[in-house]
Protein chains: 2
Amino acid sequence: MRDDLPRGFRVGTAGAGFKKPDRDDLGLILSDRSAALAAMFTQNAFCAAPVLICREILHRHGTARAVLANSGQANACTGTEGLDNCRRTQRMVADGTGISPDEVLPISTGVIGAQLKMDLWTRAMPTLLDSLGSRDAEGFTRAFMTTDAFPKFAMRDVPLLQGSVRLTVMAKGAGMICPNMATMLCVVLTDALVARQAWQDMFGRAVEKTFNRVSVDGDTSTNDTILGLANGASGVTVSQDADLAALESVLTEILGAVAHMLVMDGEGAGKVLHIHVRGALSTADARLAARSVGHSQLVKTAMYGGDANWGRIVTAVGYSGATFDPNDVCLSLCGIERFHNGRPVNDDKEEELAALLKAKDVDIDIVLGPGSGSYDLQASDLGHEYVSLNADYRS
Amino acid sequence: MRDDLPRGFRVGTAGAGFKKPDRDDLGLILSDRSAALAAMFTQNAFCAAPVLICREILHRHGTARAVLANSGQANACTGTEGLDNCRRTQRMVADGTGISPDEVLPISTGVIGAQLKMDLWTRAMPTLLDSLGSRDAEGFTRAFMTTDAFPKFAMRDVPLLQGSVRLTVMAKGAGMICPNMATMLCVVLTDALVARQAWQDMFGRAVEKTFNRVSVDGDTSTNDTILGLANGASGVTVSQDADLAALESVLTEILGAVAHMLVMDGEGAGKVLHIHVRGALSTADARLAARSVGHSQLVKTAMYGGDANWGRIVTAVGYSGATFDPNDVCLSLCGIERFHNGRPVNDDKEEELAALLKAKDVDIDIVLGPGSGSYDLQASDLGHEYVSLNADYRS
C-alpha cells in the first residue's frame, strides 16, 4: 500500500459480488473531520439516485465526511425505490462509523435500470468498514472500475506559504465520456483548509478546462459525478491570493493529467486526438467545430486506422454549425498543413505524415479565420476494441 | 439489361480507372428533351464543386438534360481549380451530345481534397458517350457506388388519369449518411409532365419524410445531392390535384424504400433501428430525442450486439436537449415495454426480447409525455464492419 492520500483520509474496499466475483466493487473514503465539498454533476435529464442525493448534500450544507462508491450497479432510472435504497446505503456507513447519513456521498456506476442488490450490500458492509485505513488511492480506484483498462489516479504535493498540502485524484470512466461531464466518477481529495466558496469556484474552473474538454463517444451518462473534498487536516490555510492561485494551478494540472488518462483508455481507444481550434468568431463557434470533429465517427475511425483522411475533418467542421468563411479555413495534421485557406496543400509529405499518425497522440490544428475564439478538446479514436467492449457490455 | 427507365432517358457507363481498375466509375444519363429539375443539397459549409454547379443550374433555369456521375473522386475542397475541372467535364458531355454545358448536372463521390484526374476523364469520355442507351438503372447505380455492399435502385409505374408514368430512383450512399442529407447521391427520373414548382414542392416534402430521416454515422458530407428530373416523355400531364397527390404518394413510398436500403447498407450495418418518438411537446423536441438515440455510439453498438441495454437509450434521450418530464417517459424495445413513466419494467421477458433483437429491423418506441409532437428516424447499428470499412477508406 502506497502512502498517496492527503492527511485525515482513510480508504477501504470490499468485494460484494455485484457483477463479477473475485474483485472489489465497493469503496469507502472516510475523513476524520468535516470536509468542504465542491462538486459537478451530469447534465442528463435522467439523473441517477446517487447524483440526486449528492446534489442535495451540496446544496443543503456543502460539507461531507465520506464517499461511498460502487461499480456493477448504476442505480439510474430506478425511481423512488432506487432513492430509498441509496439512502439505506448511506445509513449503513453512518451506523458503522458514527457519522451522519447526510455526510455520506454515494457514487455508482454500472448497468442502468437494475435496483441495488441490498442483500449483497448488507453482507459486504462489515468487510468494507473493517478495511478502512488498509487501502490506498489505487485500491479505491480499482473498486469503481468497469470497462477501464487501467486504474486512473494521481497525486501532487503543493508547496504553499504555510506549508505543503496534498491533492489526490481517483477517477473511473471509459465509456459515455463527453463534455458535461467528462468522467463518470471522479473524487478529488485534499488536506488543504480552504473556504467552501473558493474551493467550489476553483474546482468549477479546473473541471471546465479539463474534464469538460474530453470526449470518447459523445454520450453523457446518468451518473457522471466529480466530487472534491477539502478537509483541512494539513492545518495549512489556503486563503491568500498567491496560495489560492497555486492550489488552483496544480488542481488544473492534475485534473488535466487524469482527463488524458480517461481519453487514452476511452473504451479501448488506441489514440488521443488533440483538437485545437483557433481563429473562431467566438469561443462558442470554436467549441462547435472542435466537438463536431471530436464526435465524428468517420474522423475517429480514420485516426484509428492511421489514415490521413483530412477531408473528413474538414467535413465535420463544415457541418458543425460554427460560423466561418470556408476560404479562411486551414488545417494541420500532426503539424503538417493539409488544407490552406480552403484549398488542399499538394506536396510530398504523405509518407512523413503516415509515420507521424502511428503515434499515440495526434494533433489536429484547425484555424477558422482571423477571430480570437479558441477551444481545445481531447477525443479518443474509434476502433474494433470499442465495438467489442460495447456490443455486449451487460453480459 | 432491364427496361427499368422512364421514357426518353438513356443511360451509359464507363470505367475511367479513377480509383480501381476493372469497374465502371463514370455514369451518364441523357434525356431526349429538357426536364424540369428538382433538387436538394448538403447543408455542409464546404460544398463540393459539383454541388455548387448543380445549385447554380437549379436556381438559374431549373431545367436539365443530363446527369454526369462519377465515383473515386469527390472534387470537394478543391478550390477554383476544382470548379474549373468540373465545368470541363460538363463541356465534354455537351460536345459529345450537342446539348448545352449548363444542362449537365455533375455529381461526384469519393475521397475529398484530390483534384479530378482530367486525363482519365478525357480518355474515358468516348466510351461513356458510345455506351448511351446500352445500360439500365442498375448499371448506372453500380458506376457511382463506393463502399456500398449492393446497388440501390427501384422502379414504380404510377397509373394516372391520362395514362401511366414511371419513377426510377438510383442511389448510392453508405457512409456519411445523416439527416440533411440522407444520401450522398441520388437521382430520381420520371417521364411525367409536371410543372417545375409542383415537382420541386412534392420532391422537397418526399425527401423530408424519407431521406432526411435516416442516419448512419451522423456525418453530413460535402457532396450529398438528390436530383429529380421530370422530362414529360410519357405525354401524361400531371396537373390535377388527384394526379399530383398520386405521384407524390408513390414518390414518397419509393424514396422511403431506397432510404431503407441506404440504412440497411450503412457502412457494414447489420440492423436498421426504427426509432419512433411520440408524445413530445413539439416536433423539434421529438426530433432532438430521435437523433440523439440514432446517433449514440453506445446505443448503436448495443443493438449490433443484440444487447437489450435500454438504459443507453434512456440516457441518450436524457442528454438530447429535448424538453420533457422524466417521470412521463416510456420506452419499448421490439414492442416490449422496458421503461414506464420513468421506472424500469421488471418482468421475465428478457429471453423473449433477446430473440427479437436478432432481427434485421429493430423497433425503438419512445413516449416523452402527453404532447402531440412526433418524429421517426431510421438509423444503422455500429459494428466491426463499420470500423474496418472506415479505418482505411482511402487506400
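Reader: Which residues have the most contacts inside the largest nonpolar core?

Author: Ala289(A) and Ala289(B), in a core of 260 residues. A nonpolar core here is a set of buried Ala, Val, Leu, Ile, Met, Phe, Trp, Tyr and Cys residues joined through C-beta atoms within 7 Å; buried means 20 or more other C-beta atoms within 10 Å of a residue's own, with C-beta atoms placed from the backbone. This is a predicted model, where local features need pLDDT of at least 70 and side-chain atom pairs count only at pLDDT 80 or more, while totals for chains, interfaces and linings use all residues. Residues are numbered from 1 along each chain as its sequence is written, and chains are lettered from A and ligands numbered from 1 in the order in which they are written.

Reader: OK, how do chains A and B sit relative to each other? What turn lays chain B on chain A?

Author: A turn of 180°, with a shift of 0.0 Å along the axis and an RMSD of 0.0 Å (least-squares superposition on C-alpha atoms of residues with pLDDT of at least 70 in both copies). The two copies are therefore related as by a two-fold rotation axis.

Reader: Which C-alpha of chain B is nearest the axis?

Author: That of His384(B), 2.9 Å from the axis.

Reader: And the contact itself, how many residues does it take from each chain?

Author: Chain B gives 49 residues and chain A gives 49 residues, where contact means C-beta atoms, placed from the backbone, within 7 Å. Both copies use the same surface, as 100% of the contact residues of chain B recur in chain A.

Terms used:
Buried ≥ 20, exposed ≤ 12 C-beta atoms within 10 Å, placed from the backbone. Contact = placed C-beta atoms within 7 Å.
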